[in-house]
Amino acid sequence: MSQWIPGLVSGLLCLSLGASAQAQSPASTTASLSGPSVLKTTEPAVLKGHGLPAGAAVTVFVAAPGGQTAGYSAVVDGNGQLSYRLVASLPGSYRVTVADTGGRALAQATVNFAQ
């Protein structure tokens with residue numbers, strides 16, 4: 001279920017990094033979500049997920065500084081990768097979590113936006 005967070009604009013983009021990329025076996029891969037830790041509110045944060053279940057439907061949850069949370073649907077690419085673009089018009093810490101369809105957190109990152 002998606003909800004709107006005032007002052008938060010975000011978008012989803014699933015990326016494939018090319019035919020030469022090799023999918024790793026789930027047993028040897030730990031999911032991660034990485035990106036910049038501090039940005040100005042005028043700059044978008046691009047977070048990259050790796051080691052996620054290939055082709056899986058996921059929800060990207062964004063928790064804003066005021067405690068509001070919104071969820072956005074996405075699909076992980078065939079290499080277990082996901083790219084998420086976050087733009088915030090309000091300063092503060094935003095926690096981004098990628099969760100499976102059962103709501104289990106797969107990866108998480110925090111981005112701090114300053115004026």
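Which residue in strand 8 is the bridge partner of V60? The bridge partner is V98. The views below start from the sheet that holds this pair; the model is predicted.

**View 1. Five strands form an open sheet.** The strand order is 3-9-8-5-6, and the pairing is mixed. Strand 3 and strand 6 stand at the edges, and each has a single partner strand, so one side of each is left without a neighbour in the sheet. From one strand to the next, the twist averages 25°.

**View 2. Strand 3 pairs with strand 9 in the parallel sense.** Strand 3 covers residues 38-40, and three bridges join it to strand 9. For V38, the bridge partner in strand 9 is N112.

**View 3. Strand 8 and strand 9 form a hairpin.** Five residues lie between the two strands. One residue in the turn, G103, has a positive phi of about 90°. The two strands pair in the antiparallel sense over eight bridges. Among the facing residues, V96 stands opposite A109 in strand 9, and G92 stands opposite F113 in strand 9.

**View 4. Strand 5 is joined to strand 8 by five bridges.** These two strands run antiparallel. A63 has R95 in strand 8 as its bridge partner, and V60 has V98 in strand 8 as its bridge partner.

**View 5. The largest nonpolar core has 26 residues.** Those with the most contacts inside this core are L47, V58, Y84, L86, V96, V98 and F113. Two or more residues each come from strand 4 (45-50), strand 5 (57-63), strand 6 (69-75), strand 7 (82-88), strand 8 (92-99) and strand 9 (105-114). Strand 9 gives the largest share, five residues.

**View 6. V98 and the residues that V98 touches.** Leaving out residues up to four places away in sequence, V98 touches L33, L52, V58, T59, V60, L82, R104, A105, L106 and A107. One of these, V60, is also the bridge partner of V98. V58, another residue on the list, is among those with the most contacts inside the largest nonpolar core, as is V98.

**View 7. Y72 and Y84 form a tilted aromatic pair.** A search of the whole structure finds two aromatic pairs, and this is one of them. The rings are 6.3 Å apart centre to centre, with 40° between the planes. Y72 is in strand 6 and Y84 in strand 7, 12 residues apart, and the pair links distant parts of the chain. Y72 has 14% relative accessibility and therefore counts as buried. Y84, at 2% relative accessibility, also counts as buried. The cut-off for buried is under 20%.

**View 8. Y94 and F113 form an edge-to-face aromatic pair.** The ring centres are 5.3 Å apart, and the angle between the planes is 90°. Y94 lies in strand 8 and F113 in strand 9, so the pair ties together parts that are 19 residues apart in sequence. Y94 and F113 are both buried. F113 also appears in two earlier views: F113 is among the residues with the most contacts inside the largest nonpolar core, and G92 stands opposite F113.

Definitions and conventions:
Residues are numbered from 1 along each chain as its sequence is written. This is a predicted model: local features need pLDDT of at least 70, side-chain atom pairs count only at pLDDT 80 or more; totals for chains, interfaces and linings use all residues. Side-chain values use heavy atoms; hydrogens and water are left out. A nonpolar core is a set of buried Ala, Val, Leu, Ile, Met, Phe, Trp, Tyr and Cys residues joined through side-chain atoms within 4.5 Å. Buried means under 20% relative accessible area, exposed over 50%, partly exposed in between (1.4 Å probe, protein chains only). Helices (H or I, at least four residues) and strands (E, at least two) are DSSP runs, numbered from the N terminus. Contact means heavy atoms within 4.5 Å. Rings of Phe, Tyr and Trp (its six-membered ring) pair if their centres lie within 6.5 Å; planes under 30 degrees apart count as stacked, over 60 as edge-to-face and the rest as tilted. Two strands pair if DSSP finds at least two bridges between them. Axes are lines fitted to C-alpha atoms, for helices over the stretch in contact, and angles run from 0 to 180 degrees between N-to-C directions.
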